[in-house]
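Colleague: I am new to this structure. Can we go through it feature by feature? Please start with the general idea each time.

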Amino acid sequence: MNSPSLTTVNRQLCSSSIPCRQNPNLSHKPYFFGFPCSISSIRPLAAQSLSVSASGATSPPFKSCSSVVNRTRASSGDAQSVSDGASFREMREPSFAEFITSERVKVVAMLALALALCNADRVVMSVAVVPLSQSRGWRQSFAGIVQSSFLWGYLISPIAGGTLVDRHGGKVVMAWGVALWSLATFLTPWAAETSLLALLAMRMLLGIAEGVALPCMNNMIARWFPQTERSRAVGLAMAGFQLGSAIGLTLSPILMSQGGIYGPFVIFGLSGFLWVLVWVSATSSSPDRSPQISIYELKYIQSRSSVPSLSKNQLKERQAIPPFRRLLSKPPTWAVISANAMHSWGFFVILSWMPIYFKTIYHVDLRQAAWFSAVPWSMMALVGYFAGVLSDMMIQSGTSVTLTRKIMQSIGFVGPGLALIGLTMAKTPLIASAWLTLAVGLKAFSHCGFLVNLQEIAPQYSGVLHGMSNTAGTLAAIVGTVGAGFFVELVGSFKGFLLLTSFLYFSAALFWNVYCTGERVDFDETA
């Protein structure tokens with residue numbers, strides 16, 4: 001006879017990815033066991049089993065499961081069968097334990113490490129510029145030019161990098177970016193000893209490579225996280241970014257005292273190369289291409305994501321040149337651009353000048369200046385995560401996305417503006433550090449404003465839109481960084497410049513609240 005025996009059918013079924021009959025004493029619903037056989041491959045066996053049962057034989061027994069396996073792995077080939085209607089338990093919000101042990105959190109943790117290296121490599125020069133200026137006789141205005149040379153390169157790459165991210169995905173572009181900026185950091189000591197032109201060129205290369213970091217972060221988060229988790233995901237990634245400032249500002253003087261002025265450049269450069277090896281081998285550009293993700297997590301992400309994963313053919317068919325005119329024709333685009341510009345102005349002014357500020361105004365030594373400057377960035381990392389959790393909770397409780405983004409961004413601009421006014425009145429370094437910590441900490445709310453909003457108004461163009469807004473932010477940062485040096489030389493005080501920055505914060509908050517939206521904007525319309 002050609003019909004299989006019940007024993008054979010049962011053995012085949014029990015070795016496949018099929019639901020097990022649960023122990024009646026357990027309340028869990030069925031899970032799928034991730035064995036080599038795919039979901040779709042059990043359908044013929046199931047049909048045979050049913051036909052045998054219909055002929056009068058008893059139904060084949062299923063395995064009785066006394067335990068639940070909730071880490072079932074899904075291959076990329078399973079993605080279609082998952083979306084085609086396999087039986088799953090009802091989708092629910094994961095617990096905190098499930099969230100922090102998920103594959104998507106592993107991805108955002110790697111992004112946080114990359115952004116930490118990104119910022120640490122930036123701020124090394126903020127510390128090193130003090131002894132370099134003293135040994136080479138640089139004026140403050142020229143020191144500002146050396147620091148801003150990073151921004152010259154950073155001005156070039158975000159739009160092109162964002163376009164590459166939208167076309168090729170965040171994994172590949174981020175790997176190349178980290179490799180290049182780590183090389184630039186590693187070679188900075190050689191460049192500094194060779195010539196001033198070589199030093200400026202190496203700092204430009206650092207800026208060019210780091211220009212892709214944030215668009216890659218946004219692209220990866222938009223594909224790996226549903227909307228109800230994106231604020232906290234951005235908060236986690238940007239916490240790494242801020243901790244990079246704290247690590248760089250705190251460790252750089254220590255490494256300099258042990259290995260000379262150029263010690264931190266070598267250590268941070270080598271760390272970047274190590275990160276690239278782990279990133280390439282352990283992550284995927286989207287959930288459906290990950291060999292480690294569980295089927296349940298894949299289904300959860302797909303059921304709540306507004307950013308579908310594109311096939312290779314779809315990526316090739318996508319326009320090589322984004323619709324810049326249509327992107328710039330919408331007020332929400334300008335709301336994001338203006339917010340990014342103001343955020344970058346304040347960020348780079350504080351990042352570049354606070355070590356010098358504490359040394360010149362309060363006469364503390366370099367190690368203390370680095371410590372006072374590092375504390376606020378640690379606070380920003382902590383506040384950024386809790387702001388993300390608060391933002392997600394507001395949306396889950398029914399607050400509109402638009403109102404949530406307006407509230408978050410208003411705190412992120414008005415708060416620092418008021419704190420900088422307090423900083424101008426500080427009489428001691430301790431009080432000044434407290435005001436600075438408050439200003440920088442409240443800036444973290446911006447990450448749940450414009451930074452997440454990029455994914456909401458244009459998920460298909462989040463990379464290039466982030467690049468456009470980053471370019472505007474870089475222009476503002478160059479003006480702020482160089483302008484602060486000349487302003488201090490002419491006026492002799494940071495007070496007026498800090499007050500100007502406060503006024504700009506208030507103006508940007510007003511513009512944001514008038515023109516921002518949390519809804520998706522149709523940038524593909526031809527009319």
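Modeller: Start with how elements are named. Helices and strands are DSSP runs, a helix having at least four residues and a strand at least two, numbered from the N terminus. Bear in mind that this is a predicted model.

Colleague: How many helices and strands does the protein come to?

Modeller: There are 21 helices and two strands. Of the 527 residues, 56% count as buried. Buried means under 20% relative accessible area.

Colleague: How do I read contacts along the sequence?

Modeller: Look at how far apart the partners sit. Among contacts between residues at least 6 apart in sequence, 83% join residues at least 24 apart.

Colleague: Now a single helix. What span does α11 reach from its first C-alpha to its last?

Modeller: Helix α11 covers residues 263–282, 20 in number, and reaches 29 Å. That is close to the 28 Å expected at 1.5 Å a residue.

Colleague: Which residues of α11 are buried?

Modeller: First the general idea. An α-helix has 3.6 residues a turn, so residues three or four places apart point the same way. In α11 the buried residues include Phe-265, Phe-268, Gly-272, Trp-275, Val-276 and Trp-279. Their cover includes α5, α7, α9 and α10.

Colleague: Take one residue of α10. Is Ser-252 buried or exposed?

Modeller: Ser-252, found in helix α10, is buried, with a relative accessible area of 0%. Leaving aside neighbours within four places in sequence, Ser-252 is in contact with Val-124, Val-127, Ile-247, Pro-264 and Phe-268. Pro-264 and Phe-268 are among the buried residues of α11.

Colleague: Which residues have the most contacts inside the largest nonpolar core?

Modeller: They are Met-217, Ile-221 and Trp-275, in a core of 128 residues. Helix α5 gives the most to this core, with 18 residues. Trp-275 also has contacts beyond its neighbours within four places in sequence: Met-110, Leu-113, Ala-114, Leu-117, Met-174 and Val-178.

Colleague: And empty space? How many cavities of 30 Å³ or more are there?

Modeller: A cavity is space where a probe fits but cannot get out. The count comes to six. The largest cavity holds about 160 Å³. Of its 17 lining residues, the closest to the centre are Leu-214, Phe-241, Asn-340, His-343 and Ser-344.

Colleague: Which element gives the most to that lining?

Modeller: Helix α15 does, with five residues. The elements that give two or more are α10, α15, α19 and α20. By class, the lining of the largest cavity has eight nonpolar, eight polar and one charged residues.

Methods:
Residues are numbered from 1 along each chain as its sequence is written. This is a predicted model: local features need pLDDT of at least 70, side-chain atom pairs count only at pLDDT 80 or more; totals for chains, interfaces and linings use all residues. Side-chain values use heavy atoms; hydrogens and water are left out. The expected span of a helix is 1.5 Å times one less than its number of residues. Buried means under 20% relative accessible area, exposed over 50%, partly exposed in between (1.4 Å probe, protein chains only). Contact means heavy atoms within 4.5 Å. A nonpolar core is a set of buried Ala, Val, Leu, Ile, Met, Phe, Trp, Tyr and Cys residues joined through side-chain atoms within 4.5 Å. On a 1 Å grid over the protein atoms alone, a cavity is a set of points where a 1.4 Å probe fits but cannot get out, and a pocket is an open set with protein on both sides within 12 Å along at least five of seven lines; lining residues have an atom within 4 Å of a point. Grid points are joined across faces, edges and corners, and a volume is the space filled by probe spheres set on the points. Ala, Val, Leu, Ile, Met, Phe, Trp, Tyr, Cys and Pro count as nonpolar, Asp, Glu, Lys and Arg as charged, and the others, Gly among them, as polar.
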